[in-house]
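Reader: Before I build anything on a set of coordinates, I would like to learn how to read them with care. Could you take me through one example, feature by feature?

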Amino acid sequence: KKAVETLCLTVWSRGVEALSLPNENDDQDNDSLNALAVDAQRCLGGAELAFLTKDVNIDSVRKSRVIFESLSDVDPDNASVRAGLGTSLLILGVMKEDESVVKLAMFHLKAASSLCQKGAVEAQPQSIFQSDASAMSAAILHNLALASISLGDDVSSVALLLRAGAIRREDSAHSVNLFWNCSHGALLTIEQQAALMGAKRTRRQKKKTKSKIPFLSDRFAVKEATA
């Protein structure tokens, strides 16, 4: 991970430095340098998630969020960037049990899913971030399902997981590593934490319901006591 970070930071800083020099480059060179600097940032953001272990380093996730937020301002219609931002927010929200952050994650993941359906996925031969649309869609739907589970919405989560599973079965012959998604070990930890968070939310809701609607036996007890 350290080697990846060092390389990406070097490429990014040199690209930014070259872009800041007046009249040194033509428009085509500037476009290439800008694309290179952005790719370096995307690599940095993805590395913070890709190298997560089952212990889930929150500081790494926070770094990823900051990077992907910056990239989403530059390119809001990039499906991979929105997926990376949504995933980093999802991890933060679930690990910290913050429902507002999870809901924000769902917003970006839904946007990424919509962009995938519209075909807004990199297909340039020169890009190091080429992504298979089906693999992206399945991963995004899976992460959306985790968000739903953490909010106690089991009905929606089942539907999302079934859709993700169907996409993966159709493309079972292809294995695609997505630069913006976290590792399998980290996902297992997040799944467990999401289930725990959702269970706590469900228990709180049940307690609120009981306090608002007393049991019939309690009503009869009150009547007998006053009779």
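Author: What follows is a reading of a predicted model, going from overall confidence to the fold, two helices, and the core.

Reader: How should I begin with confidence, and what pLDDT does the protein average?

Author: The general idea is that where pLDDT is low, the predicted coordinates should not be read in detail. In this case the protein averages a pLDDT of 78, with 66% of the residues scoring at least 70. For residues 123-130 the pLDDT stays under 50, and the model has 10 contacts beyond four places in sequence for that stretch.

Reader: Which secondary structure elements does the protein have, and in what pattern along the sequence?

Author: One counts the helices and strands and then reads their order. Here there are 9 helices and 0 strands, so the pattern along the sequence is α-α-α-α-α-α-α-α-α.

Reader: What share of the 227 residues is buried, and what share of the contacts links residues 24 or more positions apart?

Author: Burial and sequence separation are best read side by side. Buried residues make up 41% of the 227 residues, and among contacts with a separation of 6 or more, 72% join residues 24 or more positions apart. The protein exposes about 13100 Å², of which carbon and sulfur atoms supply 55%.

Reader: How do I check the geometry of a helix such as α4, and what span should its 17 residues have?

Author: One compares the distance between the end C-alpha atoms with the expected rise of 1.5 Å a residue; for α4 the expected span is 24 Å and the ends are 24 Å apart, which agrees. At its N-terminal end α4 is capped by N78, a side-chain oxygen of which lies 3.0 Å from the backbone nitrogen of S80. After the helix comes E97, with a positive phi near 55 degrees.

Reader: Is α4 mostly covered or mostly open, and is A79 within it buried or exposed?

Author: α4 is mostly covered, with 16 of its 17 residues buried. A79, which lies in this helix, has 0% relative accessibility and therefore counts as buried, the cut-off being under 20%. The C-alpha atom of A79 is separated by 6.2 Å from that of C116, although these residues are 37 apart along the chain.

Reader: How does α6 look when read in the same manner, and where does H142 lie?

Author: The 18 residues of α6 (residues 133-150) reach 26 Å from first C-alpha to last, close to the 26 Å expected. Because 14 of those 18 residues are buried, α6 is largely enclosed by the rest of the structure. Just after α6, G152 takes a positive phi of about 80 degrees. H142 lies in α6 and, at 11% relative accessibility, counts as buried; its side chain makes a polar contact with the side chain of E191 at 3.1 Å. Beyond its neighbours within four places in sequence, H142 is in contact with L161, A164, R168, L187 and E191.

Reader: Which residues of the largest nonpolar core touch the most other members?

Author: To read a core, one looks for its best-connected members and then for the elements that supply it. Of the 48 residues in the largest nonpolar core, L52, F68, I91, M136, I140, W180 and C182 touch the most other members. The elements giving two or more residues to this core are α2, α3, α4, α5, α6, α7 and α8. As one case, C182 is in contact with L49, A50, L52, I91, L187 and I190, leaving aside its neighbours within four places in sequence.

Terms used
Residues are numbered from 1 along each chain as its sequence is written. Side-chain values use heavy atoms; hydrogens and water are left out. Helices (H or I, at least four residues) and strands (E, at least two) are DSSP runs, numbered from the N terminus. Buried means under 20% relative accessible area, exposed over 50%, partly exposed in between (1.4 Å probe, protein chains only). The expected span of a helix is 1.5 Å times one less than its number of residues. Contact means heavy atoms within 4.5 Å. Accessible areas come from the Shrake-Rupley method with a 1.4 Å probe; for residues, only the protein chains shown count as cover. A polar contact is a pair of N or O atoms within 3.5 Å; within protein, one must be able to donate a hydrogen and the other to accept it, and residues adjacent in sequence count only if both atoms are side-chain atoms. A nonpolar core is a set of buried Ala, Val, Leu, Ile, Met, Phe, Trp, Tyr and Cys residues joined through side-chain atoms within 4.5 Å. pLDDT is the predictor's confidence in each residue, from 0 to 100.
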